[in-house]
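Trainee: I should like to go through the assignments in this model and ask what supports each of them.
Mentor: Please do; each value can be set against its criterion in turn.

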Amino acid sequence: HTSRFSLFCLTSGLDITSSGPTTIESASGQSVKLDCQFTLATEDSGPLDIEWSLLASDNQGDDQLIIMYSGDRTYEDYPTPVKGRVHFNSADPKTGDASINLTGLKSSDSGTYQCKVKKAPGVRSRKMLLIVMVKPSKPRCYIEGHAYEGKDIVLRCTSNEGSKPMKYSWEKTSDSKLLPASSVLDPVEGSVNVKNVSASASGIYRCVASNRIGSDECVLDLKVTAPPNTAGIVAGSIIAVLLILLLIAIILFCCCRARHRKKYEKEICNEIREDVPPPKSRASTARSFTVASQRSSLGSMSPSNLHEYALKPQYDKIPSSEEYDRPPSQAPLPPPTAAKMAGPNLSRMGGIPVMVPAQARDGSIV
């Protein structure tokens with residue numbers, strides 16, 4: 001079969017006449033025409049078939065048929081990434097124009113496309129490489145480092161999207177319109193290194209990111225200022241820290257002192273309570289003292305004085321506990337007729353003087 005197929009190819013008059021470039025670059029979102037012109041001869045008598053395929057990027061994948069013309073009909077509803085965006089350039093491809101148009105290009109449309117024209121006994125094909133390039137997205141301009149006099153800074157410009165190769169260029173649009181003398185430009189990375197920057201470098205800078213199909217730009221306002229007083233900032237920070245530590249120390253000292261004072265007062269209070277004995281009952285003390293003094297007085301009197309002693313009203317009864325508990329203002333006054341008996345008179349009557357002990361406020365005998 002192979003030898004016969006080769007023989008048919010050699011004897012057929014079918015030929016592809018397109019001589020345009022086999023590599024095409026186009027921008028994303030645009031349309032492109034893949035050219036495939038052919039001619040027929042009288043000996044090519046079989047049915048005409050035209051096939052366009054997207055070849056696999058490696059040998060392990062399968063080719064994808066994207067559009068086909070056969071039996072005077074067009075077939076383009078194949079499940080491929082370009083479905084609905086690929087059409088024949090001519091309404092009647094059998095006239096010799098097998099070219100196709102791809103619309104709404106995407107970066108994923110990049111690849112090798114093959115045009116194959118078959119009309120028995122002839123078969124011809126043509127391959128084209130399509131490169132869909134993406135225009136650079138709007139770049140971002142920014143400064144690395146502090147824009148202080150005498151410092152080193154870097155002006156950077158980056159574009160997140162865009163096909164390679166991409167190139168960056170910087171220019172100053174204000175004042176002298178020249179980059180600083182100490183600057184070093186890197187067009188691939190999009191950076192400008194400025195050593196020992198000075199105030200004269202201040203101004204408006206513009207960066208342009210570009211590739212073969214488009215460009216975009218951004219603007220940067222550089223303001224170089226005098227460096228801050230770092231010594232004053234450090235001294236102020238140290239003083240602030242010391243003041244905070246002093247305040248904390250004062251608060252802790254006051255808290256400890258107040259706690260120590262409270263503990264000392266509590267200990268003194270406990271010592272006083274331990275030294276004072278519990279008070280005795282005034283009623284029982286007074287009653288025992290009265291009974292004892294009466295017994296001693298009665299024991300020292302003679303029978304002749306006993307009758308006279310019994311007539312005295314203040315010795316008629318022993319005071320009750322209610323009378324001793326009564327406040328001084330309510331205590332009963334002694335009868336006005338009762339006279340105190342002096343020591344000499346008591347001796348003439350045969351009595352014996354008795355020393356009455358003193359009594360404290362809490363009931364104890366002194």
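Trainee: What makes the link of C157 and C207 left-handed?
Mentor: The torsion about the S-S bond of C157 and C207 is -90°, and the link is left-handed. Please keep in mind that this is a predicted model.

Trainee: How do you know that C157 and C207 form a disulfide?
Mentor: Their sulfur atoms are 2.1 Å apart, and the criterion is a pair of cysteine sulfur atoms within 2.5 Å, so C157 and C207 qualify as a disulfide. C157 lies in strand 13 (residues 153-158) and C207 in strand 17 (residues 203-211), so the pair ties together parts that are 50 residues apart in sequence. Both C157 and C207 are buried.

Trainee: Why is the disulfide of C141 and C218 called right-handed?
Mentor: The torsion about the S-S bond of C141 and C218 is about 65°, so this disulfide is right-handed. The S to S distance for C141 and C218 is 1.7 Å, and the cut-off is 2.5 Å, so the pair counts as a disulfide. C141 belongs to strand 12 (residues 140-144) and C218 to strand 18 (residues 214-222), distant parts of the chain that are 77 residues apart.

Trainee: Why are C141 and C218 called buried?
Mentor: Buried means under 20% relative accessible area. C141 has 14% and C218 has 6%, so C141 is buried and C218 is buried.

Trainee: What makes the disulfide of C36 and C115 left-handed?
Mentor: The torsion about the S-S bond of C36 and C115 is about -75°, so the disulfide is left-handed. The link spans distant parts of the chain, with C36 in the loop between strand 3 (32-34) and strand 4 (38-39), and C115 in strand 10 (residues 111-119), 79 residues apart. The S to S distance is 2.1 Å, and both C36 and C115 are buried.

Trainee: How many disulfides does a search of the whole structure find, and what pattern do they follow?
Mentor: The search finds three disulfides. With bonded cysteines counted along the chain, the pattern is 1-2, 3-6, 4-5.

Trainee: How do you know that C254 is in no disulfide?
Mentor: The nearest cysteine sulfur, that of C255, is 6.9 Å from the sulfur of C254. A disulfide requires sulfur atoms within 2.5 Å, so C254 is in no disulfide. The relative accessibility of C254 is 45%, so C254 counts as partly exposed. C255 is likewise in no disulfide, the nearest cysteine sulfur being that of C256 at 6.8 Å. At 49% relative accessibility, C255 counts as partly exposed, since exposed begins over 50%.

Trainee: What does UniProt list for residues 233-256, and what is the chain like there?
Mentor: In an unreviewed entry, UniProt lists residues 233-256 as "transmembrane region". In the model, the chain over residues 233-256 is 100% helix and 0% strand, with the end C-alpha atoms 35 Å apart.

Trainee: What makes strand 12 and strand 15 (183-186) edge strands?
Mentor: Four strands form an open, antiparallel sheet in the order 12-13-16-15. Strand 12 and strand 15 each have a single partner strand, so one side of each is left without a neighbour in the sheet. The twist averages 15° from one strand to the next.

Trainee: How do you know that strand 12 and strand 13 pair?
Mentor: Pairing requires at least two bridges. Strand 12 and strand 13 have five bridges, in the antiparallel sense, so the criterion is met. In strand 13, T158 is the bridge partner of R140.

Trainee: Which strands form the open sheet that includes strand 9?
Mentor: Three strands form that sheet, in the order 3-9-8 with antiparallel pairing. Strand 3 and strand 8 (86-88) stand at the edges, because each has a single partner strand. Strand 8 and strand 9 (residues 100-102) pair over three bridges, and I100 in strand 9 is the bridge partner of F88.

Trainee: Which residues have the most contacts inside the largest nonpolar core?
Mentor: They are W52, I66, L102, Y113 and V117, in a core of 27 residues. Strand 5 (48-54) is one of the strands that supply at least two residues, and its four residues are the largest share. A second, separate core of 19 residues includes M166, W170, A201 and C218.

Methods
Residues numbered from 1 in each chain as written. Predicted model: local features only at pLDDT ≥ 70, side-chain atom pairs only at ≥ 80, totals over all residues. Heavy atoms only, no water. Buried < 20%, exposed > 50% of the residue type's maximum accessible area, 1.4 Å probe, protein only. UniProt positions renumbered as here; feature names shortened; annotations may be inferred. Axes fitted to C-alpha atoms, helices over the stretch in contact; angles between N-to-C directions. Core = buried A, V, L, I, M, F, W, Y, C linked by side-chain atoms within 4.5 Å.
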